[in-house]
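Hi there,

Here is the structure I promised to pass on to you. Please have it open while you read, as my notes on what turned up follow right below.

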Amino acid sequence: MPLPDLDSSVGHSFGLEFDSVIIKQITEVSGLKMEQDVIELKQNTADGKYAIKKLPGRPKAGEVTVTRGLTEDNSFERWIKDSRFGRMTNARRNGAVIVYDYEGLPIKRYKLINAWPKSLEIGTLKAGDTSVLTEKLAITYESMELD
């Protein structure tokens with residue numbers, strides 16, 4: 001169900017999808033960004049005045065960090081092994097970060113094109129600690145599209 005006019009979404013429910021596999025247990029997504037270079041064109045106008053015009057340049061590649069609680073699911077580890085051992089045809093994938101509404105229906109998709117894992121970080125292991133153990137995956141991508 002789409003959001004009513006003038007309502008905004010609460011960012012509490014989101015997931016990650018790659019190769020038709022949806023991981024909904026994501027606790028945090030950061031760094032999701034679409035950016036491009038800016039070109040400055042410096043010129044003189046017809047009447048001799050100095051003018052600067054800003055033009056859109058090349059799109060920039062990006063990087064997003066995804067955090068989830070540590071589970072038995074080893075999809076992150078399998079994916080990063082492909083990139084670590086140079087199997088980039090397997091490692092480069094198209095996927096999406098999906099934002100869900102309060103009923104669990106997708107309301108926004110951020111498509112990541114030619115994405116691959118850059119690093120996998122396991123949360124701090126500390127004796128006697130009662131916090132949730134997490135794994136943080138940094139994913140680099142060539143471009144992002146809004147869907």
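Glutamate 35 sits in the loop between β3 and β4 (36-44). Since this is a predicted model, please take what follows as a description of the prediction. Glutamate 35 has a relative accessible area of 34%, so this residue counts as partly exposed. Setting aside residues up to four places away in sequence, glutamate 35 touches Pro59 and Lys60. Its C-alpha atom is separated by 9.0 Å from that of serine 143, although the two residues are 108 residues apart along the chain.

Glutamate 35 also has a charged partner: a salt bridge joins glutamate 35 to lysine 33, with the closest N and O atoms 3.5 Å apart. Lysine 33 is partly exposed as well, at 48% relative accessibility.

**Salt bridges**

As you know, side chains of opposite charge can pair when their charged atoms come close. How many salt bridges are there in this model? The count comes to twelve. One of them is formed by glutamate 17 and arginine 109, whose closest N and O atoms are 2.2 Å apart. Glutamate 17 belongs to strand β1 and arginine 109 to strand β8, so this salt bridge ties together parts that are 92 residues apart in sequence. Glutamate 17 is buried at 16% relative accessibility, whereas arginine 109 is partly exposed at 26%.

Another of the salt bridges pairs arginine 87 with aspartate 82, and here the closest N and O atoms are 3.1 Å apart. Its two partners can be described in the same terms: aspartate 82 is buried, with a relative accessible area of 12%, and arginine 87 is partly exposed at 38%. Salt bridges that share partners also build one network out of Lys33, Glu35, Asp37 and Lys60.

**Aromatic rings**

A search of the whole structure finds one aromatic pair. Its members are phenylalanine 18 and tryptophan 79, with ring centres 4.7 Å apart and planes at 45°, so the pair is tilted. Where in the chain do phenylalanine 18 and tryptophan 79 lie? Phenylalanine 18 is in strand β1 (residues 14-18) and tryptophan 79 in helix α1 (residues 75-84), so the pair links distant parts of the chain, 61 residues apart. Both residues are buried.

Two arginines lie over ring faces. Arginine 68 is over the face of phenylalanine 76, at 3.9 Å from the ring centre. Arginine 84 is over the face of phenylalanine 85, at 5.9 Å from the ring centre.

**The core and helix α1**

The largest nonpolar core has 16 residues, and those that touch the most other members are Leu16, Phe18, Ile26, Phe76, Leu112 and Ile139. At least two residues of this core come from each of β1, β6 (62-69), α1, β8 (106-122) and β9 (134-141). For isoleucine 26, the contacts beyond four places in sequence are Phe14, Gly15, Leu16, Val66, Thr67, Arg68 and Phe76.

Which residues of α1 are buried? They are Ser75, Phe76, Trp79, Ile80, Asp82 and Ser83. These residues cover an arc of only 150° around the axis, which puts them on the same side of α1. Just after α1, glycine 86 takes a positive phi of about 75°.

**Two more residues to look at**

Valine 29 is placed in strand β3 (residues 26-30) and is partly exposed, with a relative accessible area of 25%. Apart from neighbours within four places in sequence, valine 29 is in contact with Phe14, Val64, Thr65 and Val97. The C-alpha atoms of valine 29 and valine 64 are separated by 7.0 Å, with their positions 35 residues apart along the chain.

The other residue is asparagine 114. Most residues other than glycine have a negative phi. Asparagine 114, though, has a phi near 50°, a positive value in a residue other than glycine. Asparagine 114 is found in strand β8, and at 28% relative accessibility it counts as partly exposed.

Happy browsing, and all the best!

Note on methods: Residues are numbered from 1 along each chain as its sequence is written. This is a predicted model: local features need pLDDT of at least 70, side-chain atom pairs count only at pLDDT 80 or more; totals for chains, interfaces and linings use all residues. Side-chain values use heavy atoms; hydrogens and water are left out. Rings of Phe, Tyr and Trp (its six-membered ring) pair if their centres lie within 6.5 Å; planes under 30 degrees apart count as stacked, over 60 as edge-to-face and the rest as tilted. Helices (H or I, at least four residues) and strands (E, at least two) are DSSP runs, numbered from the N terminus. Buried means under 20% relative accessible area, exposed over 50%, partly exposed in between (1.4 Å probe, protein chains only). A charge sits over a ring if NZ of Lys or CZ of Arg is within 6 Å of the ring centre and within 35 degrees of the ring normal. A nonpolar core is a set of buried Ala, Val, Leu, Ile, Met, Phe, Trp, Tyr and Cys residues joined through side-chain atoms within 4.5 Å. Contact means heavy atoms within 4.5 Å. The arc is that of the directions from the helix axis to the C-beta atoms. A salt bridge is a side-chain nitrogen of Lys or Arg within 4 Å of a carboxyl oxygen of Asp or Glu.
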